[in-house]
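Here is a short briefing to read alongside the sequence and the structure. Keep both at hand, and feel free to follow each point on screen as you go.

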Amino acid sequence: MLIPYNPATKATPPKADDHDPNYFQSAEIARIWEALENEPIKWKTMVHLFLVTGCRRGEVLGLKWSKVDWENKQIYIDCNLLYRKELGIYEDTPKTKGSVRYIRLPDQTMELLAEYRKWYREEKFRWGDKWEDNDYLFPRENGAPMFPGYVCNWLTEFSKRHGLPHINPHAFRHTQASLLFFNGIDSVSISHRLGHAHVSTTTDIYSHVIKEAEERISDCVADVILKPAKAKLRVVGD
């Protein structure tokens with residue numbers, strides 16, 4: 001009664017239970033900023049972009065100078081740099097249709113990018129004809145595309161050097177989303193900035209963050225609206 005194939009290969013394995021995304025608290029972010037001041041400008045700029053944009057690792061590595069809009073202070077995300085053993089490093093489209101997007105940047109970020117571009121051009125000149133001109137913002141030392149795993153390796157060593165909690169690129173993404181929710185930004189705007197295909201994806205992933213943000217809003221309402229009103233009533237009563 002042998003059968004010629006394994007029926008289990010047709011089955012869809014169950015998905016693992018979702019875990020709450022990890023994100024950094026304000027004090028931890030401050031420590032990361034401080035530690036970055038002592039790091040090479042390439043890595044300092046890269047981590048800065050992770051923090052202020054919430055982009056995925058492949059989106060930051062796939063970013064090119066031609067996609068930096070200096071006049072409007074924004075970047076255009078339309079490339080995802082990935083790695084597969086059988087293909088090596090390769091370009092792909094972003095994860096979803098909604099992932100192709102413009103992201104506005106703060107003035108401080110644009111100033112850092114300008115400083116980094118100066119250093120980048122000096123490195124390109126120093127390497128001369130040995131430089132691989134791929135236009136990536138964050139290539140390897142000779143201009144070749146960076147292996148995505150290098151980013152995680154560098155962040156691990158960076159966190160150890162400075163006594164920081166474990167850092168990975170996606171933690172910056174979660175931090176960005178969490179900070180925006182805590183500061184009252186709506187789900188639609190956050191979803192667009194993160195490049196999610198649907199707003200429901202954002203609200204599903206960050207449901208616990210939204211709940212915590214709503215609790216903070218409730219406390220804020222009590223502090224800003226109810227306490228002054230109660231104090232005024234007490235003065236009138238006196």
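Strands β1 and β2 (residues 74-77) pair in the antiparallel sense, and two bridges link them. This is a predicted model, so please read the points below in that light. The topics are the sheet, the contacts of one helix, and a pocket.

**The sheet**

- Val-68 has Ile-75 of β2 as its bridge partner.
- Three strands make up an open sheet, with antiparallel pairing and the order β1-β2-β5.
- The edges are taken by β1 (68-69) and β5 (101-104), and each has a single partner strand, so one side of each is left without a neighbour in the sheet.

**Helix α2 against helix α6**

- Two packed helices are described by the distance between their axes and the angle between them.
- For α2 and α6 (residues 169-182), the axes come within 7 Å and cross at roughly 35 degrees.
- From α2, the contact is made by Val-47, Phe-50, Leu-51, Val-52 and Thr-53; from α6, Pro-169, Phe-172 and Gln-176 take part.
- Sorted by class, the residues of this α2 contact with α6 are six nonpolar and two polar, with no charged ones.

**Helix α2 against helix α5**

- The axes of α2 and α5 (residues 148-161) come within 12 Å, with a crossing of roughly 100 degrees.
- An angle of 65 to 115 degrees counts as roughly perpendicular, and α2 and α5 are therefore roughly perpendicular to each other.
- On the α2 side the contact involves Trp-43, Met-46, Val-47 and Phe-50, while α5 brings Tyr-150, Val-151, Trp-154 and Leu-155.
- This contact of α2 with α5 has eight nonpolar residues, with no polar and no charged ones.
- Val-47 and Phe-50 of α2 are worth a look, as they appear in the contact with α6 and in the contact with α5.

**The second largest pocket**

- The second largest pocket has a volume of about 200 Å³.
- Its lining consists of Lys-42, Trp-43, Tyr-116, Trp-119, Tyr-120, Glu-123, Trp-131, Pro-139, Arg-140, Glu-141, Met-146 and Tyr-150.
- Two or more residues of that lining come from each of α2 (41-53) and α4 (107-127).
- Helix α4 gives the most to the lining of this pocket, with four residues.
- Eight lining residues are nonpolar and four are charged, and no polar residue is among them.
- Trp-43 and Tyr-150 line this pocket and also belong to the contact of α2 with α5.

Note on methods:
Residues numbered from 1 in each chain as written. Predicted model: local features only at pLDDT ≥ 70, side-chain atom pairs only at ≥ 80, totals over all residues. Heavy atoms only, no water. 1 Å grid on protein atoms, 1.4 Å probe; cavity = no way out; pocket = protein on both sides within 12 Å on 5 of 7 lines; lining within 4 Å. Points joined across faces, edges and corners; volume = space filled by probe spheres on them. Nonpolar A, V, L, I, M, F, W, Y, C, P; charged D, E, K, R; others polar. Axes fitted to C-alpha atoms, helices over the stretch in contact; angles between N-to-C directions. Contact = heavy atoms within 4.5 Å. Parallel < 35°, antiparallel > 145°, perpendicular 65-115°, else oblique. Pairing = 2+ DSSP bridges.
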